[in-house]
Amino acid sequence: MRAIEVNKLTKVYQVGLGKQKVTALNDLSLTVERGSIFGLLGPNGAGKTTLIKILLGITFPTLGGARILDSDLSNYMIKKKIGFLPENHKFPNYLTAEQTLKYFAQLSGYENSNLNKRIDELLALVRMSKWKKTKVKKYSKGMMQRLGLAQAMINEPELIFLDEPTDGVDPIGRKEIRDILSDLKEKGTTIFLNSHLLSEVELVSDKVAILNEGKLLREGTVKELTTSDEVYEIETAADIPNIFSIPEFSSISISQEANKLIVNVKDNDELNFVIDYLRKNKINIKSVNMQKNSLEELFVSLIKDSRGEK
Ligand SMILES: Nc1ncnc2c1ncn2[C@@H]1O[C@H](COP(=O)(O)OP(=O)(O)OP(=O)(O)O)[C@@H](O)[C@H]1O
Ligand SMILES: [Mg+2]
């Protein structure tokens, strides 16, 4: 079942009395499965916030369409089931955390006879209990972000949009936010995450998409996007004698530098064949690691390619 289906979406903004046009989204299609965490990555101006705004009905597509929770975008009742943490959000600074959450509960039409209990639970979850009665104007950026996250969860949403949720949050706070997101997912909530922080997205997302200039460059699981062919690095205790000349290795692509072998194998058997050979020759193996392109490397190379840079 799908939580979000985006179908050939194009958004053109008209800037400056309609003279200049900016294409923020260009024929974009993607799907997000229910109960998953989806990470949308892209450089500044890629169109990430525009996509969220269209899905929430804050702005409208120029062409194409989308469905959320099996419903048309025009069905505003569906918004009761949605939570949203906007980018650079601002809460009225004269409200306390408790008042802010009550205010947003009312705005979202959330009905719960035990709202006070729900607010206490949420504040505990985002580690803000002791600031419950403190006005928002005294909060640090990280505290604002935590309150923003609680606000996005107040109506027990089935689908939650988070635009840069860890912006301004320190590494410990980020880890806590990641844990909260994993807990939400466990409970079946679908999470749509916009972020520049690639390593973070890598850690929590089931699926990621890379967007640039309104176009989808790549989509898949983090594993699909970051694992190259079966390339392993074998590190040995001492330098390895030259093994390229051995006929059995002719089909395996190997490069060697001092005490490291980089082997490109087609399957596990080939990898074990290389390891058996090394062990038979009394070569002491220190480690065998699958080589991974980090999401960051992939991101940088895709964006550079799409801009025609090397
Ligand atoms: N209301 C608007 N009017 C005109 N142009 C806009 C408007 N909103 C966004 N844009 C333009 O659309 C493009 C996409 O912007 P968007 O805010 O969606 O990018 P983003 O990926 O969220 O960027 P960031 O990472 O900086 O938040 C940019 O070129 C931006 O200048
Ligand atoms: Mg944005």
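## The shell around ligand 1

Helix α1 gives the largest share of the shell around ligand 1, with three residues. This is a predicted model, so let us take the ligand site as a starting point and walk outward from there. Three elements, β1 (2-15), β2 (20-33) and α1 (48-55), each contribute at least two residues to that shell.

Which residues come nearest to ligand 1? Of the 14 residues around the ligand, the nearest are Tyr13, Ala24, Lys48, Thr49 and Thr50. Sorted by class, the shell is made up of seven polar, five nonpolar and two charged residues.

## The open antiparallel sheet

Two of the elements around the ligand, β1 and β2, also belong to an open sheet. Its four strands are arranged in the order β2-β1-β4-β5, and the pairing is antiparallel. At the edges sit β2 and β5 (71-72), each of which pairs on one side only.

How many bridges join β1 to β2? There are 10, and the two strands run antiparallel. Within this pair, Arg2 of β1 has Glu33 of β2 standing opposite. As general background, strands of a sheet pair through backbone hydrogen bonds, either parallel or antiparallel.

## β3, an enclosed strand

Strand β3 (residues 37-41) is a good place to pause. Five of its five residues are buried, so the strand is largely enclosed by the rest of the structure. Ile37, Gly39 and Leu41 point one way from β3, while Phe38 and Leu40 point the other way, and all are buried. That pattern fits a familiar rule: in a regular strand the side chains alternate between the two faces of the sheet.

β3 has parallel partners too. With strand β8 (residues 190-195) it shares five bridges, and with strand β9 (residues 207-212) it shares four. Leu40 takes part in both pairings: Asn194 stands opposite it in β8, and Ala209 is its bridge partner in β9.

## Arg34, between β2 and β3

The loop between β2 and β3 holds Arg34. Is Arg34 buried or partly exposed? It has 15 C-beta neighbours inside 10 Å, so it counts as partly exposed. Leaving aside residues up to four places away in sequence, Arg34 touches Met1, Arg2, Ala3 and Thr190. One of these, Arg2, is the residue that stands opposite Glu33 in β2.

For a sense of distance across the chain, take Arg34 and Ala237, which are 203 residues apart in sequence. Their C-alpha atoms are separated by 48 Å.

## One buried face on α3

In helix α3 (residues 115-125), the buried residues are Ile119, Leu122 and Leu123. Why do they line one face of the helix? Looking down the axis of α3, its buried residues fall within an arc of 100°, so they share one face. The cover over these buried residues includes α2 (97-107) and α4 (141-153). After α3 comes Arg127, whose phi is positive, near 55°.

## Two domains

How is the protein chain divided into domains? The domain assignment gives domain 1 (2-91 + 151-220) and domain 2 (229-292). Taken over C-alpha atoms, the centres of domain 1 and domain 2 are separated by 43 Å.

Methods
Residues are numbered from 1 along each chain as its sequence is written. Chains are lettered from A and ligands numbered from 1 in the order in which they are written. This is a predicted model: local features need pLDDT of at least 70, side-chain atom pairs count only at pLDDT 80 or more; totals for chains, interfaces and linings use all residues. A residue is near a molecule or strand if its C-beta atom, placed from the backbone, lies within 6 Å of it. Ala, Val, Leu, Ile, Met, Phe, Trp, Tyr, Cys and Pro count as nonpolar, Asp, Glu, Lys and Arg as charged, and the others, Gly among them, as polar. Domain bounds come from an automatic or database domain assignment. A residue is buried if 20 or more other C-beta atoms lie within 10 Å of its own, exposed if 12 or fewer, and partly exposed in between; C-beta atoms are placed from the backbone. The arc is that of the directions from the helix axis to the C-beta atoms. Two residues are in contact if their C-beta atoms, placed from the backbone, lie within 7 Å. Two strands pair if DSSP finds at least two bridges between them.
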